[in-house]
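Q: I am new to reading structures like this one. Please pick one part and take me through it closely, step by step.

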Amino acid sequence: LEKTGVDFNKNFYLLNQAFVRSSYANKNGCESNEKLEFFGDLILGFYVGKAIADKYGFMRTNTNVNFNGNIEYAFRGTEKDFTELKQSIVCNENLASIIDDWDVVKYLVVSKQDITSKIDLQVKPKADLFEAILGAIAIHCKWDSDTLEKTVHKMLSLDTLLVNQTSSKDR
């Protein structure tokens, strides 16, 4: 997937697993995308949180602090602002929208039941696919933190999202 910036040519089967729904895997004796989705969710939360902290957090000095050092961590905004911003970025609707833009849901490997229930039109399976792709990338790059951080930024267009969020809050 060129949209991720990661080359899967040597490990295409891992990327393929990201597209295999459990309904299909259970009936056909193969691995589903659920484990990859789990890891993708963790990675997504961590690197989105880190990006928000990098943008809005800062160290400040405080001469009234009586522990080793005179600095503390501060955040421009409230914890509620931080939580709402993170949620708006990692919400199922946003992830599903990205999958729609990439036009890859048609490659999901599904059972007849999934076809009948039209999972290709549902938000949650698309968000799950996004997370599974990210999980596959984590395994593929052997959890390289630089690769994962860059990939999350690229997949989400995170720098643009944070600029847009800042602009809308400033109004």
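What follows is a close look at helix α3 (residues 34-56) and its surroundings.

A: Start with the ground rules. This is a predicted model, so local features need pLDDT of at least 70, side-chain atom pairs count only at pLDDT 80 or more, and totals for chains, interfaces and linings use all residues. Residues are numbered from 1 along each chain as its sequence is written, and side-chain values use heavy atoms, with hydrogens and water left out.

Now the overall plan. The chain has nine helices and two strands (DSSP runs, H or I of at least four residues for helices and E of at least two for strands, numbered from the N terminus). Along the sequence the order is α-α-α-β-β-α-α-α-α-α-α. The chain holds 171 residues, and 40% of them are buried (buried is under 20% relative accessible area, exposed over 50%, partly exposed in between, with a 1.4 Å probe and protein chains only). Take the contacts with a separation of 6 or more: 66% of these join residues 24 or more positions apart (a contact means heavy atoms within 4.5 Å).

Helix α3 packs against three helices described here: α4, α7 and α8. Take them in turn.

Begin with α4, residues 79-90. The axes of α3 and α4 come within 10 Å and cross at roughly 135° (axes are lines fitted to C-alpha atoms, for helices over the stretch in contact, and angles run from 0 to 180 degrees between N-to-C directions). That angle makes α3 oblique to α4 (under 35 degrees is roughly parallel, over 145 roughly antiparallel, 65 to 115 roughly perpendicular, the rest oblique). On the α3 side the contact uses L44, G45, V48, G49, I52, A53 and Y56. On the α4 side it uses F82, L85, K86, I89 and V90. By class, this contact counts nine nonpolar, two polar and one charged residues (Ala, Val, Leu, Ile, Met, Phe, Trp, Tyr, Cys and Pro are nonpolar, Asp, Glu, Lys and Arg charged, and the others, Gly among them, polar).

Next comes α7, residues 123-140. Here the axes are 6 Å apart, and the angle is about 85°. So α3 is roughly perpendicular to α7. From α3, the residues L36, E37, F39, G40, D41, I43 and L44 take part. From α7 come K124, D128, F130, E131, A132, L134, G135, A136, A138 and I139. The classes here are 10 nonpolar, two polar and five charged.

The third partner is α8, residues 145-156. The α3 and α8 axes lie 10 Å apart, at an angle of about 80°. These two helices are therefore roughly perpendicular to each other. I43, L44, Y47, V48, K50, A51 and D54 represent α3. S145, L148, E149, V152, H153 and L156 represent α8. Eight of these residues are nonpolar, two polar and three charged.

L44 is worth following. It is listed in the contact with α4, in the contact with α7 and in the contact with α8.

The start of α3 has another neighbour. Q17 sits in helix α1 (residues 12-17). Leaving out neighbours within four places in sequence, Q17 is in contact with E31, S32, N33 and L36. L36 also belongs to the α3 side of the α7 contact. Q17 is buried, at 19% relative accessible area. Its C-alpha atom is 8.7 Å from that of I133, although 116 residues separate the two along the chain.

I133 leads on to α8, the helix that holds M155. M155 is buried, at 3% relative accessibility. Beyond four places in sequence, M155 touches K3, T4, I98, W102, F130, I133, L134 and I137. Two of these, F130 and L134, also meet α3 from α7. M155 and L95 are 60 residues apart in sequence, yet their C-alpha atoms are 9.4 Å apart.

Finally, look at both ends of α8. The loop between α7 and α8 holds K142. Its phi is near 60°, a positive value in a residue other than glycine. K142 is exposed, with 71% relative accessible area. The loop between α8 and α9 (158-170) holds S157. Its phi is also positive, near 50°. S157 is partly exposed, at 43%.
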